[in-house]
Amino acid sequence: MATQFISRPLHGLSLGTLRNPALKSWAIFNRPLRGLSGKFLSRASLCILCAFVATFFLATNLNARQRAGWRVYKGAWFEIKYPATFKARASLESISFDGQYDSAVFTAADGSVEFYVFAPQWNGKPTDIEIDPSKEEYVAQHAEKKGTINVRRVTIKAKDGSYTRAFEDTENTDLNIRRVFGFKYRNQAAYAKYRSQYLTFKNSLQQFSD
């Protein structure tokens, strides 16, 4: 009985049948796998492509907006970036480059702030940033010396309370160079609104010696 029980699953099968025992089953099972795989790969590829295109256009648009948001002002011996909505005005004439300027003022479209830069070829006197005693008064002054570098930080306000302004005057007596940056603002709200742009403006200065 045991021998008959074990032989029954193979009863009626010939060697020809056993040569490829799962051929038909494999052929049937293989088709849906191949079809599903193609669909999966095409959808995945499409998603990746869409993500790539979206990222590319976002980056391109961001760079375009950044370029459109800033302009370059060229002085006698310097270049500096300023917000495109600001109005640039040359201030002190250069003492070493005829017809050019060593300082400039940049005013916001709403008139609430001004940025200032003084960057001559070497040293100089930023007379256009100093206090006007008839209209202004000092709020604070601080000076420090680090080796051959002298730094003066000054805060001034209008006597009528219409604005406050601050400037940082850095002079290197060894190299005989001087740079001054200023920030004038109507109130603290205007200061907070434009502070980050002022820092970008300040850090964008490129100086030339000849």
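**Exercise 1.** What percentage of the contacts in the chain with a separation of 6 or more comes from residues 24 or more positions apart?

*Solution.* A contact means heavy atoms within 4.5 Å. Among the contacts with a separation of 6 or more, residues 24 or more positions apart account for 45%.

The structure is a predicted model, in which local features need pLDDT of at least 70 and side-chain atom pairs count only at pLDDT 80 or more, while totals for chains, interfaces and linings use all residues. Residues are numbered from 1 along each chain as its sequence is written, and side-chain values use heavy atoms, with hydrogens and water left out.

**Exercise 2.** List the elements of the chain in order.

*Solution.* Helices (H or I, at least four residues) and strands (E, at least two) are DSSP runs, numbered from the N terminus. The chain has four helices and ten strands. Read from the N terminus, the order is α-α-α-β-β-β-β-β-β-β-β-β-α-β.

**Exercise 3.** Describe how strands E7, E8 and E9 are joined.

*Solution.* Two strands pair if DSSP finds at least two bridges between them.

- Step 1: E7 (residues 149–158) and E8 (residues 164–172) run antiparallel and are joined by nine bridges. Arg153 stands opposite Glu168 in E8.
- Step 2: Five residues lie between E7 and E8 in their hairpin, and Gly161 in the turn has a positive phi of about 75°.
- Step 3: E8 and E9 are also antiparallel, with nine bridges. Asn172 has Ile177 in E9 as its bridge partner.
- Step 4: The hairpin of E8 and E9 has four residues between the strands, and Asn176 there takes a positive phi near 60°.

**Exercise 4.** Find the largest nonpolar core and the elements that build it.

*Solution.* A nonpolar core is a set of buried Ala, Val, Leu, Ile, Met, Phe, Trp, Tyr and Cys residues joined through side-chain atoms within 4.5 Å. Buried means under 20% relative accessible area (1.4 Å probe, protein chains only).

- Step 1: Of the 210 residues in the chain, 26% count as buried.
- Step 2: The largest core has 19 residues, and those with the most contacts inside it include Ile80, Phe106 and Phe201.
- Step 3: Two or more residues come from each of strands E2 (78–83), E4 (103–107), E5 (113–118) and E9 (177–185) and helix H4 (188–203). H4 gives the most, four residues.
- Step 4: Leaving aside neighbours within four places in sequence, Phe106 is in contact with residues including Ile80, Phe86, Val113, Phe115 and Phe201.
- Step 5: A second, separate core has ten residues, among them Leu92, Phe118, Ile129 and Ile156.

Technical notes: Buried means under 20% relative accessible area, exposed over 50%, partly exposed in between (1.4 Å probe, protein chains only).
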